[in-house]
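Okay, thanks for coming, everyone. I'd like to walk you through one chain today, a piece at a time. Have a look at the screen.

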Amino acid sequence: MALPFLDIISGLTDVSGQLVEIYKLKRDGSFFDQQKYLAELKTQEEARAAERDVKKEVLLAHLGEERARADDLRAEKRELTSARLSMASAIKLDEHERELASAPYNTSSASLYDRVYSATEGGRKPALLLAPFFSDTDGPNESDSGPPAFRVAIRRAWMASSSSNDMAMLDGVISRPLRNTDLDILHLKEALGALPVVLVYGEIQQGKRVWSSVVSWNLVRGRPGDALSINFPALPLPEKSNELGTQERLDFEDALGGAVLTTVRLLANWFHAANYRRSPADLDLSGIPPQFAVGLAGAYEIAYELGIVDLLEARVDQCAVLERAGARESARSAAQEILGLVRSGGTADPLPIETLRTLRELLVSDDSAHQEAKNLVETASRRMVLDFLQPKKVMTRVRVVAAIDFGTHGSGFAWSVITDQNRKASSRQIKVRTQWDGQYVASAKNLSAVLFSEDSDERLEAWGFEARRLVQLHPDFRKRYTQNFKMQLASTSPEVGQEGYSNKPTETITLYLAELRKAALQDITSAGFADDQIRWCLTVPAIWDEAQKETMRTSAVDAGFPEDRRRLILALEPEAAAHHAKIAGLRTAGATGGRRASLEAIGSRFMIADCGGGTVDLTAYRSDRNSKLVEIGRDFGGPFGSEYLNVAFVDLVLSRRFGSHEFLANVIAEKPSAFAELVAGWERAKLSIDLGEDRNVFISIPAAIDRMMADDVRARLAEQQDGIDDHIVLKRAEVELVFETVVPSVLDLVDKQLDEMKRGSPNARNPIIILVGGFGASPYLQARLIEHVSGRAEVLVPPDPAVSVLYGATHFAYDPQTAARRSKFTYGCDAAHTFRQGIDLESRSFVGPDGVKRCNRFSRYVSAGQVVPVDEVVSHEYMPIWENQKTAPLDIYRTTLTDPIYVTKRTCEKIGSLTVDLTPVLQLPINRRGGELSMYFGETEIRAVAIVKETGEAIRTTLSFDSKTGV
């Protein structure tokens, strides 16, 4: 125990005086006096020691009381937290009990959904639910289950029918009669979401008659909420209705079951015809009255509207239904009209052979038309045989376009069917998957993460959100887990989100893309399309060079995507977003002054700021007179995505709150799922942070981390946060500090692009900045951007910026709307030219066998910054110099110089080469052995084709890129 400063001084003074007295006694006094004085000193010292002990005990008691009070406060806080949790649990339990009390099922809505989702194979066939019939004569207890006989009769009739596999029978799911019919059906609709459902229920009135009803909803994919309700006429009960075993009662039950069965079978046939184009020949029409069967023709109208079938194919299917339903004259008349359209060339593509065969059978009673249909079938059959004999020269007709948006943080896919209805982009139907394993909230993006198999790094145990979920459950799996691997394709990118894993990023990307392709194929093929009918589009950042694009293409092909470049195209992410921006409605992120300009207006200029998880890409465009895109700026970008906010959050907030990175490293080693939960809390919070809000941000500390906090760590945390130690609390200044580690870099890129746009059109009106990408949804970034460009540009944000690239890539695959792109580099070849005396360097000259003095110079195709139309081909002719030259090697280079004279290692980079075989033309004079090299620069990727002019032989090349480009 430390003594106060004044007590120490006083004690030193007393000791000094005592020493003087002892000296005097020793010098002058007797021995007895000396001993007596020493005894008095000893007594005084013992008294002072006792006094110090008392003070020490008092101080210790005081410290103990303070510690006890702190423990009591901590215990009180824990009890309060526990009480809050108990209250929340009680509220949830109460809500659950109230739901069970009011709902017609005896389980939670989530459990009901899972059960029905599994039984219907994810909604690929409807659920058939049977509710107990309600009897108004039963008591309260009896009405809880309802009379079983009628439900059993309907179930018995359905299971005996040939359509029993067309729906998922779920008898017993509904535990009581529908006493409050509308409210009970509403409960079921809310619980089952978008799943297709057919519900049978009924009521017994006064024991004398039975009312039965059928209601269905979600029977058309993509049209949630569509419902159909059918009420049957009342059937009188037999007089001896209480004698359950009589033949009369059994006959009545069979009649009731048959009546309901007919309607349910019609709905089942209708569902599969409308959503999956079930063949009319496969429809189960046995026992269905013709006047009802005719209604199935309307299902193929829906199939046409959904883009599953072309218009004429749908019309032929409808004729076949009419034929089977007995309306033969109507079917024949309609079939003759269809034949007339085919005869006059009214179809864009040949009808499938199966459709032509159906048409032939429909016209069997008309000799002339029947013979004409037979000839069409024969022609189609011959075409099929020829296609089989030459499979490599025939490309399967593309009927579906699908886009893959492979992102740093998340990836997804979307697809659309090529139909007449989808030709207009503004009304084009695009389908997106929003349900992923391991993710219980709907999202168009799955997590870009993988968990490798324990026994091989060439296989995956899980991917996406499911991979992260498994790692959270099993922390020891973390060494096999990795995410954000897309960033590793850029050599300058930091390892954001990488774990202790050393596999090559290209191999990881291939495995991930294979899973994404598998998921997309599952959705597309379930709609009746084949793998070889799909044209795929894969997105890549605009700042990537040709090497990185080619690496991505190679990984995609290794993952199972088509090698044919007509069936796998690449789209620049900001360019895809620009497509979406022109088609979708936009909302203003804030008032930046002036009248809003239309993106469709001729000459309108806009910048796409694609701010994603890892990178930021900025590209500028102008709308031409055909409403297509012309690239006018340069590609600016860098590693400034939202993932870097997470890095700043760890460095600037978490490490300071907990005292060091070492504590965080221990958390990751012992409780990785808890650390992931903490960062996920920040992920959620940062999406709602706005620039103008002056409020603290609270992020809950997971219980596992709370238990790891020692007293000094907890005290440090509480001291920095005004006593709060169960949350991470970010004050306004800290939030801005985190965001400002990234946002200024984004704004600098915007300034560069605006300067570039102004340089090209100094007198044009202010351009529009379209903010897209996951980071683009941040209110903070939006507000900073609006403030930063005020008076220079207007900022617009699409309705859902996170999926702008995905939707735009689908539109791009369907119908690219880019007219021209701006070249990043100057491209050309190293070729021999006639020496220019006084201009060319003598050191580069040589004399050929013909005596002509030459030198190698840069043969330019396009210049850096040049706007190149997408359909433009640049060609140059070249001649061999040496008489015995059997090959003509052509090396292709790029440079940032606008007009280089020579190819040098310092200024030019070799990006590819091809070799032309001259042996077939060696017998010709040397001046007839020339070739032509054509290069395509306006597309997403550069292509080159060399042609020997005399023979017409073409040598195509996929440019092989140097490792210096970053791969």
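I'll start with the whole chain and then go through some of its sheets, a helix pair and a couple of single residues.

Two housekeeping points. This is a predicted model, so local features need pLDDT of at least 70 and side-chain atom pairs count only at pLDDT 80 or more, while totals for chains, interfaces and linings use all residues. Residues are numbered from 1 along each chain as its sequence is written, and side-chain values use heavy atoms, with hydrogens and water left out.

So, the overview. The chain comes to 25 helices and 36 strands; those are DSSP runs, H or I of at least four residues for helices and E of at least two for strands, numbered from the N terminus. Of its 967 residues, 48% count as buried. Buried here is under 20% relative accessible area, exposed is over 50%, and partly exposed is in between, using a 1.4 Å probe and protein chains only. And if you take the contacts with a separation of 6 or more, 68% of them are between residues 24 or more positions apart. A contact is heavy atoms within 4.5 Å.

Let's begin with strand S1, residues 127-130. What covers its two faces? Well, both are covered: Ala 127 and Leu 129 are buried on one side, and Leu 128 and Leu 130 are buried on the other. S1 runs parallel to strand S4, residues 197-205, and four bridges join them. By the way, two strands pair if DSSP finds at least two bridges between them. Leu 128 has Val 198 as its bridge partner in S4. S1 also pairs with strand S3, residues 168-171, again in the parallel sense and over four bridges, and there Leu 129 stands opposite Leu 170.

A little further along there's Asn 218, in the loop between strand S5 (209-217) and strand S6 (227-231). Buried or exposed? Buried, because its relative accessible area is 6%. Its side chain reaches the backbone oxygen of Gly 193 at 2.8 Å. That's a polar contact, so a pair of N or O atoms within 3.5 Å; within protein, one must be able to donate a hydrogen and the other to accept it, and residues adjacent in sequence count only if both atoms are side-chain atoms.

Next, an open sheet of three strands in the order S13-S12-S14, with antiparallel pairing. S13 (456-463) and S14 (481-483) are the edge strands with a single partner each, so one side of each is left without a neighbour in the sheet. On average, neighbouring strands are turned by 40° against each other, direction ignored. Strand S12, residues 449-453, pairs with S13 over four bridges, and Ser 453 stands opposite Ser 456. Then come the helices: H13, residues 465-473, lies across S12, S13 and S14, at about 95° to S13. H14, residues 505-525, packs on the sheet too, touching S12, S13 and S14, with its direction at about 40° to that of S13. For these angles, axes are lines fitted to C-alpha atoms, for helices over the stretch in contact, and angles run from 0 to 180 degrees between N-to-C directions.

On to a helix pair. H17 (643-658) and H22 (732-739) pack at about 140°, with their axes 8 Å apart. That makes H17 oblique to H22; under 35 degrees would be roughly parallel, over 145 roughly antiparallel, 65 to 115 roughly perpendicular, and the rest is oblique. On the H17 side the contact includes Phe 649 and Arg 656, and on the H22 side Glu 734 and Phe 739. The residues of this contact divide into eight nonpolar, no polar and three charged.

Last stop: five strands in an open, antiparallel sheet, in the order S28-S29-S27-S32-S33. S28 (845-847) and S33 (909-917) are at the edges with a single partner each, so each has one side without a neighbour in the sheet. The twist averages 40° from one strand to the next. Inside, S27 (826-834) and S32 (887-895) pair over four bridges, with Thr 826 and Thr 895 as bridge partners.

One residue to finish on: Ser 845, in S28. Ser 845 is partly exposed, at 24% relative accessible area. Its side chain reaches the backbone oxygen of Glu 842 at 2.7 Å. Beyond residues up to four places away in sequence, Ser 845 touches Phe 835, Lys 853, Arg 854 and Cys 855.

How values were computed. Ala, Val, Leu, Ile, Met, Phe, Trp, Tyr, Cys and Pro count as nonpolar, Asp, Glu, Lys and Arg as charged, and the others, Gly among them, as polar.
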